[in-house]
Amino acid sequence: MYFYRILLLTAFFMVQSNLQSQVQLDANATNESLYRPNFHFTPKKGWMNDPNGMIFLNGQYHLFYQHYPDATVWGPMHWGQATSKDLVQWDHQPIALYPDSIGMIFSGSAVLDKNNTSGLGRNGVAPLVAIFTQHFMPGEKAGRTDFQNQSIAYSLDQGKTWTKYAGNPVLKTPNLKDFRDPKVIWHGPTQKWIMSLAVANHIEFYSSPNLINWTKESEMGKDLFAHGGVWECPDLLSFDVNGKTVWVLLVSMNPGGPNSGSATQYMVGDFDGHVFKPFTTDIKWMDYGPDNYAGVSFSNLGDRKVLIGWMSNWNYANLVPTEKWRSAMTVPRELSLVKQDTDANANINSSQNQNNFLLVSRPVKELEAHFTKMLSKKNMVAEKEFTLMGAGKILPNRIDLDIVKATDFDIVFSNAFNEKLIIGYDAAKKQFFIDRRNAGVSNFHQGFAAMPTAPRFVADAEMDLSVLIDKTSVELFADGGRTVMTALFFPTHPFTNCSLQSKEGISVKTMNLFLFK
Ligand code: FRU
C-alpha cells in the first residue's frame, strides 16, 4: 500500500507543480508568511504526518512525529521531535529515530518504565521506552506480507538520545500486511502493559509484563463501527466518570470519514485488561471536520487526557500549497466524557442506552495565557452583516460566542479577492458547517473545495462556540466541545474582514474576540 502511495505521490507531484504555477499568491507575502501558522506546530522543513510517542516528563511535553526531512512529501519515515513547557510554544529537537535495516519508523507511542520492568534502565534511571512499527519497504514491494513489525527503543536522558533494542522486532506480524501503530499504556488492575494495535479492519490488544514479550489478548471491531477504510492509530484511554472507570478507544480510519477521507472514530466501553466491550455500536466521530487525523493522547500525564491530531487528510496532505514544509498539528485538546443528552439524538441512531457517552474536546487551558482580548460585547443583536473587524484592523485568532438561541448564522472571513471562509450553523438541519468552497487555492485536489458539516448533539436553545483561526486552519468547538470541526483553507491573500451574519438576527449574550500574542 505504501509503495503505491509513493507511486501516486510521484504522479500527484507532477500535477501539483503544474497547478502551483497557476496560483497567484499575494505578491507582498511569502508562502511562509501567508501559510506558516502562529500557534500550531509545524516542522521546520520537510514532511510531517501523525503525532507519535507524546509524553510528559519532568515538566516537559515531548512531541514526536512522522517525519521525512528531505522532501515535502511522504517518504522514508523518521521520528522528528519537539519539546514544550506549555503545549503551545515548541522547540525543535534533533531527529529521534532514523530508519534502519528493519525498516522505516512508523507511528507508535512512548511510556516511562518507572519500575524498569524492561530491564533497560541503568543506575537507577527509569528508561523512556518508545514502541513503534517498522515498515520494511523492500518487503512490501516484493509483495510479501511480513513487512510491518513492532520494535522498541529506549532513552536514559529524557528523550535526547535513543538506543534501539538489540532484539528488535519485539512483536512480529502473523503475516498480516496492516499490522501497526502500537499505543501502549500501563494497566494497573492486571499490572501489565497493554498495547492497542491497528490490524486492517480491527484492533488487537496485546499484554506484556516488560514491553518486550507480548501476548495477544483479544481483538475487537471486525463487524462493528465504521469500515470505509483501513483502521490506524488506536488509543485506549480511561476516564473517571463519577468514580467509575469508563474506557474510550480512538480509531483513526482512512478513507471513509464523515466528510471524506481521513477521520477518527471512537468507541466507549469497558476494558478489563483482556477484552474491550463497547457499550453501544453507534458510529461517533471525535472531530467531524476533514482535517484532524491520527490523533492520540499524551502518556504520563496523570488524569489529564490531552490529544494532538495531525491537521490534514490523506486525500490531499501531499498536495497542499505550502512550500518549505507540509502539515501542522491541531491545537492540543483536553478530552473528557459526558453523558449524551437523550433529547438531542435526532443525529445519532442511538439505542436508549444510559451508558451513551459523548467525547468532548476543548483547547487546553495553557492556550489562554497566549491570547489577548481585542473586543468584548454583551447582549447584542447582530443582523444581516455585523462587522466584527475590518478596515485595516488585525483579525482575531479566536472568537468566543454565547448565543441566546441557536439560529442560523455565518461567521465570515473574507478578503478583497472574493475569497471567503464561512463558519456557521443551519438551524433547520441542526448542523454546523465550514464552507471553504471559495476560500482560496483549492485546485490541488478535486474534493478540497467543500462544505463539511457536523451534527449538533444538544437540545438546548442556548449555544456556545469557540472558533480558532490561524492563517490556514479553523477549529470549531461548539456546545462546550461536544461538536468539533477542524478544516484547512488556503487564501491567496490574507483575510482582511470578519463579520457575523444572520438573516433572522442573532441574539448574542457575550462575544469575545482574541488575538494570539
Ligand atoms: C496514519 C499512518 C499510520 C502509519 C503512518 C505512516 O496516518 O498511515 O498508520 O504508521 O501513517 O507514516
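**Exercise 1. State how many bridges join β11 to β12, then place the pair in its sheet.**

Solution. Five bridges join β11, residues 202–208, to β12, and the two run antiparallel. Strands here are DSSP runs of E, at least two residues, numbered from the N terminus. Two strands pair if DSSP finds at least two bridges between them. Within this pair, glutamate 204 stands opposite glutamate 219 in β12.

Next, the sheet. It is open, has four strands in the order β9-β10-β11-β12, and its pairing is antiparallel. β9 (180–187) and β12 (215–220) stand at the edges with a single partner strand each, so one side of each lacks a neighbour in the sheet. From one strand to the next, the twist averages 25°. Axes for this are lines fitted to C-alpha atoms, with angles from 0 to 180 degrees between N-to-C directions.

The model is predicted: local features need pLDDT of at least 70, side-chain atom pairs count only at pLDDT 80 or more, and totals for chains, interfaces and linings use all residues. Residues are numbered from 1 along each chain as its sequence is written, and side-chain values use heavy atoms, leaving out hydrogens and water.

**Exercise 2. Find which residues have the most contacts inside the largest nonpolar core.**

Solution. Start with the term: a nonpolar core is a set of buried Ala, Val, Leu, Ile, Met, Phe, Trp, Tyr and Cys residues joined through side-chain atoms within 4.5 Å. Buried means under 20% relative accessible area (1.4 Å probe, protein chains only). The largest core has 73 residues, and Ile411, Phe413, Leu421, Leu465 and Leu500 have the most contacts inside it. Strand β14 (residues 244–254) gives the most to this core, seven residues. A second, separate core has 29 residues, including Phe41 and Trp74.

**Exercise 3. Identify which residues come nearest to the ligand.**

Solution. The ligand has 14 residues around it (a heavy atom within 4 Å). Asp50, Gln66, Arg180, Asp181 and Glu232 come nearest. Now the atom pairs. A polar side-chain atom of glutamine 66 lies 2.7 Å from a ligand oxygen atom. For arginine 180, the distance from a polar side-chain atom to an oxygen atom of the ligand is 2.7 Å. For tryptophan 314, it is 2.9 Å.

**Exercise 4. Decide whether threonine 264 is buried or exposed.**

Solution. Locate the residue: threonine 264 lies in strand β15 (residues 263–271). Its relative accessible area is 2%, so threonine 264 is buried. Its side chain makes a polar contact of 2.8 Å with that of serine 252. Such a contact is a pair of N or O atoms within 3.5 Å; within protein, one must be able to donate a hydrogen and the other to accept it.

Conventions: Buried means under 20% relative accessible area, exposed over 50%, partly exposed in between (1.4 Å probe, protein chains only).
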